[in-house]
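Trainee: Got a minute to go through a model with me? I'd like to start with one loop and then move on to charges and the core.

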Amino acid sequence: VQLVESGGGWMQPGGSLRLSCAASGSIFRVDDMGWYRQAPGKQRELVARITRGGITKYEDSVKGRHIISRNNAENTVYLDLHLLKHEDTAIYYCNADVTGALWEDSKLYWGQGIQVTVSS
């Protein structure tokens, strides 16, 4: 199973970006999916998570600005970043709780990370 992120890059403060993360490989079911970020010199932190049924959870500093969504048919999770701030600059990682086959336990997989830079 691989998770591949796309859509990062540079944006000025107040702008928007959309991150995508697609899971591929031997997949029977994808349950919770999420986005985390790690800024220079800081620990990795949760940004947002979404259940298979669409229940979401956000880190306080991004509530009302960033939106997580998913497409279950395509095993893809999105993060729409709005009203970007300098402090949103970080490497963003997606993860997914994936069951490879009906008889298997689920495993947590991570993407390779994608850079988001917010600057003037």
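Trainee: Where is the place of S16?

Mentor: S16 sits in the loop between β2 (9–11) and β3. Strands here are DSSP runs (E, at least two residues), numbered from the N terminus. Before we go on: this is a predicted model, where local features need pLDDT of at least 70, side-chain atom pairs count only at pLDDT 80 or more, and totals for chains, interfaces and linings use all residues. Residues are numbered from 1 along each chain as its sequence is written, and side-chain values use heavy atoms, with hydrogens and water left out.

Trainee: OK. Is S16 buried or exposed?

Mentor: In between: S16 is partly exposed, at 35% relative accessible area. Buried means under 20%, exposed over 50%, and partly exposed in between (1.4 Å probe, protein chains only).

Trainee: And what is S16 in contact with, leaving aside neighbours within four places in sequence?

Mentor: M11, L81, H82, L83 and L84, where contact means heavy atoms within 4.5 Å. The C-alpha atoms of S16 and L81 are 5.3 Å apart, though 65 residues separate the two along the chain. The S16 side chain also makes a polar contact with the side chain of H82, at 2.9 Å. A polar contact is a pair of N or O atoms within 3.5 Å; within protein, one must be able to donate a hydrogen and the other to accept it, and residues adjacent in sequence count only if both atoms are side-chain atoms.

Trainee: Switching to charges, how many salt bridges does the structure hold?

Mentor: Seven, each a side-chain nitrogen of Lys or Arg within 4 Å of a carboxyl oxygen of Asp or Glu. One of them joins R18 and D80, with the closest N and O atoms 2.8 Å apart. That pair links strand β3 to strand β8, 62 residues apart.

Trainee: Which residues are linked in a network of salt bridges?

Mentor: R37, E45, R65 and D88. R37 meets E45 at 2.8 Å, N to O, and D88 at 2.9 Å. R37 lies in strand β4 and D88 in the loop between β8 and β9, so this pair ties together parts 51 residues apart in sequence. Both R37 and D88 are buried.

Trainee: Last topic: how many residues are in the largest nonpolar core?

Mentor: It has 27. Such a core is a set of buried Ala, Val, Leu, Ile, Met, Phe, Trp, Tyr and Cys residues joined through side-chain atoms within 4.5 Å. Its largest share, five residues, comes from β9. Y92 is among the residues with the most contacts inside the core.

Technical notes
Helices (H or I, at least four residues) and strands (E, at least two) are DSSP runs, numbered from the N terminus.
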